[in-house]
Amino acid sequence: MAKKILLFFLVLAHYPCYGQSMQSQGMVDVKTLDKSIFVSLMYSRADNFTGTVLYDTLRHAYLHPKAAQALVKAQKRLKELRPDLSLKIYDAARPMSIQQKMWDKVKGTSKNIYVSNPANGGGLHNYGLAVDITLCTLKGDSIPMGTKVDHMSKASHIDNEAELVKSKTISSQAKSNRELLREVMQYAGFRPLRTEWWHFNLVSRETAKKYYKVIK
């Protein structure tokens, strides 16, 4: 038993404790502000576009305080419109070291438009000012959005959804669900991303680079 305990702590020490790091860099755990928001971090599992676990110790969703408060506002608005639904976070604040691993998977491929290059300052996730999110039932089950999160194709784009429905790429219900998600997120001050129905930024990349710090 002693050997197993020692091995556990040795393995734990091998991986960065992202939660403590996030807090030390000024990020807040979203669920400390609103426990009704669901969290299911996709990079803590292997069923993401990289096919690997990127968050070995991170299980909570952290955001910059401004983004976290805005998300609470979005959840409140959703509850007013649809009390039977909730927001569910797939990813939030992301260390730049993880961003580099993601970029390494897509650089030199046609998928590189979906991942921000760390060499160019990364993306809003790396400042705690972006969130990947969906709608779910009160049991935590995601509702149809047309594609899975992290699906890198035009079926995930939001600028041609009428055509996607017409071609039966996504359903009309999925289109309505996406529109509801955008409505509550924009109500709270978030901006949608053209190529990913699940991604929302609180500020512009230029603003983030000028006034906020990158998460290490």
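Which residues lie nearest the centre of the largest pocket? In this predicted model, they are Tyr-114, Ser-116, Leu-193, His-199 and Arg-205, picked out from a lining of 28 residues. Two or more lining residues come from each of α4 (96–106), β6 (191–193) and β7 (196–201). Of the elements, β7 chips in the most, with 4 residues. The space inside this pocket comes to about 420 Å³. As for chemistry, its lining is a mix of 12 nonpolar, 9 polar and 7 charged residues.

Next comes the second largest pocket, with about 180 Å³ of space. Its lining includes Arg-45, Asp-47 and Tyr-90, along with a run of names further on, among them Ser-142, Ile-143, Met-145, Thr-147, Lys-148 and Val-149. Trp-197 is also part of that lining. Sorted by class, the residues here split into 5 nonpolar, 3 polar and 3 charged.

Now for the protein around these pockets. It is built from 7 helices and 7 strands, which follow one another along the sequence as α-α-β-β-β-α-β-α-β-α-α-β-β-α. The radius of gyration is 18 Å, close to the 17 Å that the globule rule gives for 216 residues, so the protein is as compact as a globular protein of that length. Along the principal axes, the C-alpha atoms fill a box of roughly 60 × 40 × 40 Å.

Contacts tell a bit more about the fold. Among those with a separation of 6 or more, 73% link residues 24 or more positions apart. Of the 216 residues, 48% count as buried. On the outside, the protein exposes about 11200 Å², with carbon and sulfur atoms supplying 55% of that area.

How values were computed. Residues numbered from 1 in each chain as written. Predicted model: local features only at pLDDT ≥ 70, side-chain atom pairs only at ≥ 80, totals over all residues. Heavy atoms only, no water. 1 Å grid on protein atoms, 1.4 Å probe; cavity = no way out; pocket = protein on both sides within 12 Å on 5 of 7 lines; lining within 4 Å. Points joined across faces, edges and corners; volume = space filled by probe spheres on them. Nonpolar A, V, L, I, M, F, W, Y, C, P; charged D, E, K, R; others polar. Rg over C-alpha atoms; globule rule 2.2 N^0.38 Å. Buried < 20%, exposed > 50% of the residue type's maximum accessible area, 1.4 Å probe, protein only. Contact = heavy atoms within 4.5 Å. Areas by Shrake-Rupley, 256 points an atom, 1.4 Å probe, with all protein chains shown as cover.
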